[in-house]
Structure formats: structure tokens, C-alpha cells
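Trainee: I should like to learn how to read side-chain contacts and internal space in a model. May we work through one together?

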Amino acid sequence: MTYAPMTTAVPLPQVADASGPAKRHRTVGVRVGSGKGAVLVGGGAPIVVQSMTNTDTADIEATVRQCAALARAGSEIVRITVDREEAAAAVPHIRDRLAKMGVVAPLVGDFHYNGHTLLANHPACAEALDKYRVNPGNVGFRDKKDSQFSAIVEQAIRHGKAVRIGANWGSLDQELLTALMDANAKSRTPLAADAVTREAMARSAIWSAERAEEIGLARDRIILSAKVSAVQELIAVYRMLAARCDYALHLGLTEAGMGSKGVVASSAAMGVLLQQGIGDTIRVSLTPEPGGDRTVEVTVAQELLQTMGFRTFAPLVAACPGCGRTTSTVFQELARDIQNHIRDEMPAWKSRYPGVENLNVAVMGCIVNGPGESKHADIGISLPGTGETPAAPVFIDGKKAVTLRGAGIADAFKALVGEYIEKRFGAGAAR
Ligand code: SF4
């Protein structure tokens, strides 16, 4: 058999669009909080990471502890449940305790059903919070809906706070949905039920925002969300919102679930939207294991934004998956040790080494891709695979710097990472 010679005349496949994310959807910027902890959501500001506690807010001790952990993990806004009188009474104490600990992240109160009463009965709570979240689907029903919604918006105006109007698939405004379903049934070209529900979600959020403006809340105090638990539905609803308004948008897949399912579903849905330029702040709603670490949702949100190239939070560790060439656990242990070491050290490194979050580290399992990938990183190590000489070359800025051997490879590599950081990001570094 003969083969035709390759020539440069072979046409390359056409790539539809390799130009990266779409231009950000233009939204009105909303300042949340005040002083050192204030963050801008929308208006072209970097996409903000936020999270929510799962403690009983009336338990001041537990809520303070979790708010602080979430903020220290990198949550730039923290939301707490305000569901009853005891919770509302606890809010100012939580705010004070956090301030004394130096935790300045804005606090958001999550209100359902009785927000109008709690905010009126607890002015110190209304003042201590930086933003109120209201759900147009359960803020009030029938003739009480408008007055209760208005009461919350008036509190926000009085105290100078932002409001997130958060529609939710699971608590959608049933009167609106029924009206739209009826109108659809009479239409000569009726839509599928899902499409009507999406329409109700988008209308519920936008109409409520317009009503808040009529009451007197400034446009730059309003953030919208319309959370759904199905990936394709979420993408569709947010595309509708972005096409119809310029309110700042809070993204999140509600009830994303546990473990890898929650991470994958949230990343898939929000990744698509962020790539299309939609979204000003994100929350990854993960169900923790019983007793699990709530801060995981912050790490996932940061990693989503960083791996997509929108923001940088902490050095990235590139590690190969390992294969039949890595029959010992040394490689996995080193990759885990380095990742944990970086996460543990980051709070201190952040202030001592400006720019350290841009560092790239590689931990590779064998000679096949190890040296190549390590050369692309700022600092990388290529461990010996099965049957290879027990030596681990370390590459720094693309050049082989040293070869490590013996039992102390992990500690020696961590020391080299530390030296590299000091040299490149420390006080004496040439910038
Ligand atoms: S670099 Fe080596 S150990 Fe890692 S996946 Fe590739 S072949 Fe396997």
C-alpha cells in the first residue's frame, strides 16, 4: 500500500470560534456592603464568589464560626438564613463578633414568607445586614403580596441596602404561572409547559425588580437570580434574563446535589453561562456530607472561575491522573501533599507574596509527559514511574534545576516551591 505524501496544501479544519469567552453581558454594578469588605457585583467587576451557611442563625457561636470559615476560604459575600425572631435577633451579634475577628465579608439575610415582619421588628438586624434576599414566589400571597414585598423594599431603601430578587423553580409564583399557563392554553401556537415555566421564572424576577424600582429602590441596588435544578433549564432561563434586562445577575444551580454530581452539574451550567458572558456573582450549592466541610462550595466556585481563566485565587497544581506506570502511591501522595500545602499556606502567602495566586505547579507521574508538562509549569516535578531510575527531576521556569532522590522527595520539593515563591514574589523580587 502506498500513502500520498503529506503536503502543506492539506486544508486545516475550520474552527468556528477559538477566541475565548464572549464579551461580558453589560449590567448595572451593585455595591454590596461598606468599608473594607464592600464588593461590587456587576458593572464589569470581577465575578464575585459567594456562599451560604447551614447553621441555625439563632446559634450565634456556630454561625459566626461558619461565616468566618467561609470568608477565610474566599467567600466574598456570605448569606445566612433569617427565618424567625430568634434568628433576626442574633444577626447584629453575629455581625459584631465577625467584625471583632476581622471578618469583613458582607452578610446577606435570606428571607422567605416573613421578611417584612422580621425586618420591621428587628431594625438592628435590618441595619447589620448588607443585602436582603427575597423570593417573589413566597414573599406574600394574593392581596398581601404587594404590600409585603413593598415593606421589604422600603426597609432596604431606609437602610441603604441592596436586594437580591431570587426566583426559584421550587417556589415559583403560582399565580403568575397559572395565568401564563391559561394564556398559553388559549394560544393558537401554545408552547411546551417547560417553556411557559421558564417564562414565568424570568417574568417573576424582572417584574419584581421593576416593581422595586417603582417603590423607589435604585437600579444599582438590585440583583436578580432565577435558580433551577436542571442544567439546560438554568442556561435557558439566564439567557432570557440577560437578553431582557441589565440588572446584575447572581448565578447558581439550585439543589445541585452531593459530591461529584453537584460539582459537575454546577460547573456545566455555570461554565456555559460564564463563557457566554452571563453572570456577575456565583454560588455553588453543594449538599455536604453529614458533618462535612461547608467551605468546599467556596473552593469549587473559585476553581471554576480560575480554571476558566476569569480570576486567580490560589496556585494551580497540574497533576496527571496516573496510570499503569504509577503502581505505587507515592505520586498520588505527593500531588495531594502539595495541593494541601498550598491551600494551608495561602492565607499567609497572600499578604506576604503579592501575585502568588498566579503560580503554576506540576506534579507528574512518569517520564512520558512528566518533563514536558513540568517545563510548562513555573515549577514542576516528574516522578519516576514503575521501572524507571528512582530519580525525580525538578524543572524551574522551563529548565531542569535539580534531581531529587530518596525518601524525602516530598519535603524537598515543598522546600523548593517555598524558595521559588520567595524569590519570585517576595519583598526582594524584581518586578
Ligand atoms: S505522565 Fe506517565 S504516569 Fe502520568 S498519566 Fe501519563 S503516562 Fe501515566
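Trainee: Which residue lies over the face of Tyr247?

Mentor: This model is predicted. In it, Arg219 is placed over the ring face of Tyr247, 4.4 Å from the ring centre.

Trainee: How should a pair of aromatic rings be read, and how many aromatic pairs does a search of the whole structure find?

Mentor: Two quantities describe such a pair, namely the distance between the ring centres and the angle between the planes. Here the search of the whole structure yields 1 aromatic pair. Its members are Phe111 and Tyr132, with ring centres 6.0 Å apart and planes at 90 degrees; since an angle over 60 degrees counts as edge-to-face, the pair is therefore edge-to-face.

Trainee: Where in the chain are Phe111 and Tyr132?

Mentor: Phe111 belongs to the loop between strand 5 (107–110) and helix 3 (115–121), whereas Tyr132 is in strand 6 (residues 131–134). The two are 21 residues apart, and the pair links distant parts of the chain.

Trainee: Is Phe111 buried or exposed, and is Tyr132 buried or exposed?

Mentor: The cut-off for burial is a relative accessible area under 20%. Phe111 has 2% and is therefore buried. Tyr132, at 0% relative accessibility, is likewise classed as buried.

Trainee: Let us turn to internal space. How many cavities of 30 Å³ or more does the search find?

Mentor: The search of the whole structure returns 1 cavity of 30 Å³ or more. The largest cavity holds about 40 Å³ of space.

Trainee: Which residues line the largest cavity, and how do they divide by class?

Mentor: Phe111, the residue of the aromatic pair, is one of the lining residues. The others are His112, Tyr113, Asn114, Gly115, His116, Val134, Asn135, Asn138, Val139 and Ile152. By class, the lining comprises 5 nonpolar and 6 polar residues, with no charged ones.

Trainee: What is a disulfide, and how many disulfides does the structure hold?

Mentor: A disulfide is a covalent bond that joins the sulfur atoms of two cysteines. This structure holds 0 disulfides. As for individual cysteines, Cys245 is buried at 9% relative accessibility, and Cys366 is buried with a relative accessible area of 8%.

Trainee: Finally, where is Glu61, and how far apart are Glu61 and Lys186 in space?

Mentor: Glu61 is in helix 1 (residues 60–73) and counts as partly exposed, at 42% relative accessibility. From C-alpha to C-alpha, Glu61 and Lys186 are 55 Å apart in space, and they are 125 residues apart in sequence.

Key. Residues numbered from 1 in each chain as written. Predicted model: local features only at pLDDT ≥ 70, side-chain atom pairs only at ≥ 80, totals over all residues. Heavy atoms only, no water. Phe/Tyr/Trp six-rings, centres within 6.5 Å; stacked < 30°, edge-to-face > 60°. Helix = DSSP H or I, 4+ residues; strand = E, 2+ residues; numbered from the N terminus. Buried < 20%, exposed > 50% of the residue type's maximum accessible area, 1.4 Å probe, protein only. Lys NZ or Arg CZ within 6 Å of the ring centre and 35° of its normal. 1 Å grid on protein atoms, 1.4 Å probe; cavity = no way out; pocket = protein on both sides within 12 Å on 5 of 7 lines; lining within 4 Å. Points joined across faces, edges and corners; volume = space filled by probe spheres on them. Nonpolar A, V, L, I, M, F, W, Y, C, P; charged D, E, K, R; others polar. Disulfide = S-S within 2.5 Å.
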